[in-house]
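Q: Could you take me through one part of this protein in detail? I would like to look at a single helix and at what packs around it.

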Amino acid sequence: MKKQVHAYYSGRVQGVGFRFTAEDIARDLEITGWVKNLSDGRVEVVAEAGEDRLKEFLEKINQYFSRYIQDADIQWFAATGEFKDFGITF
């Protein structure tokens, strides 16, 4: 069953390749959605896929950026099916 994860990452998460790495991971795992920098210094991610793939996606982000992430606010929802691929939003 597909789900949606909506995450806000804070810490030193801008200027470290976070968006491009998240996009690469998502495309490798066939996850749809988007990632973007926020004006307050956080990064926002909305992603849809099966729950196991989303958990793998979040784990890989944590592995790559554990020394930069101070906090992650992650919420789970039912998938909307509105995304066709994964990209960086500005």
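A: Happy to: here is a walk around helix α2 and its surroundings.

Please keep in mind that this is a predicted model. Helix α2 covers residues 51-65. A simple length check comes out well: at 1.5 Å a residue, its 15 residues should span 21 Å, and the C-alpha atoms at its ends are indeed 21 Å apart, which agrees.

Now look at which side chains of α2 are hidden. The buried residues of this helix are L54, F57, L58, I61 and F65. Viewed down the helix axis, they fall within an arc of 95°, so they line one face of α2. On the other side of the helix, D52 and Q63 are exposed. The cover over the buried residues of α2 includes β1 (2-11), α1 (18-28), β3, β4 and β5.

That face leads us into the core. In general, nonpolar side chains tend to be buried together in soluble globular proteins. Here the largest nonpolar core has 24 residues, and those that touch the most other members are Y9, F18, I31, V45, F57 and I61. Two or more residues each come from β1, α1, β3, α2 and β5. It is α2 that gives the most to this core, with five residues.

F18 is a good place to zoom in. Leaving aside residues up to four places away in sequence, F18 touches Y9, V13, V43, V45, I61, F65 and I69. Two of these contacts, I61 and F65, are among the buried residues of α2. F18 also belongs to an aromatic cluster together with Y9, Y64, F65 and Y68.

The aromatic rings deserve a look of their own. A search of the whole structure finds five aromatic pairs. In one of them, the ring centres of F57 and F86 are 6.0 Å apart and their planes lie at 65°, so the pair is edge-to-face. This pair links distant parts of the chain, with F57 in helix α2 and F86 in strand β5, 29 residues apart. Both F57 and F86 are buried.

Strand β5 brings us to the strands around the helix. β5 pairs with β2 in the parallel sense over three bridges, and within that pairing W34 has G87 as its bridge partner in β5. On β2 (residues 32-37) there is also an antiparallel pairing, with six bridges to β3 (residues 43-50). There, V35 has V45 as its bridge partner, and V45 is one of the contacts of F18. β2 and β3 form a hairpin with five residues between them, and G41 in the turn has a positive phi of about 95°.

Strand β4 is part of the cover too, and A72 lies in that strand. With 33% relative accessibility, A72 counts as partly exposed. Not counting residues up to four places away in sequence, A72 touches Y8 and Y9. The C-alpha atoms of A72 and Y8 are 5.6 Å apart, although 64 residues separate them along the chain.

For a contrast with the buried face, finish at K84, in the loop between β4 (69-78) and β5 (86-88). K84 has 81% relative accessibility and therefore counts as exposed.

Methods:
Residues numbered from 1 in each chain as written. Predicted model: local features only at pLDDT ≥ 70, side-chain atom pairs only at ≥ 80, totals over all residues. Heavy atoms only, no water. Helix = DSSP H or I, 4+ residues; strand = E, 2+ residues; numbered from the N terminus. Buried < 20%, exposed > 50% of the residue type's maximum accessible area, 1.4 Å probe, protein only. Pairing = 2+ DSSP bridges. Contact = heavy atoms within 4.5 Å. Phe/Tyr/Trp six-rings, centres within 6.5 Å; stacked < 30°, edge-to-face > 60°. Expected span 1.5 Å × (residues − 1). Arc of directions from axis to C-beta. Core = buried A, V, L, I, M, F, W, Y, C linked by side-chain atoms within 4.5 Å.
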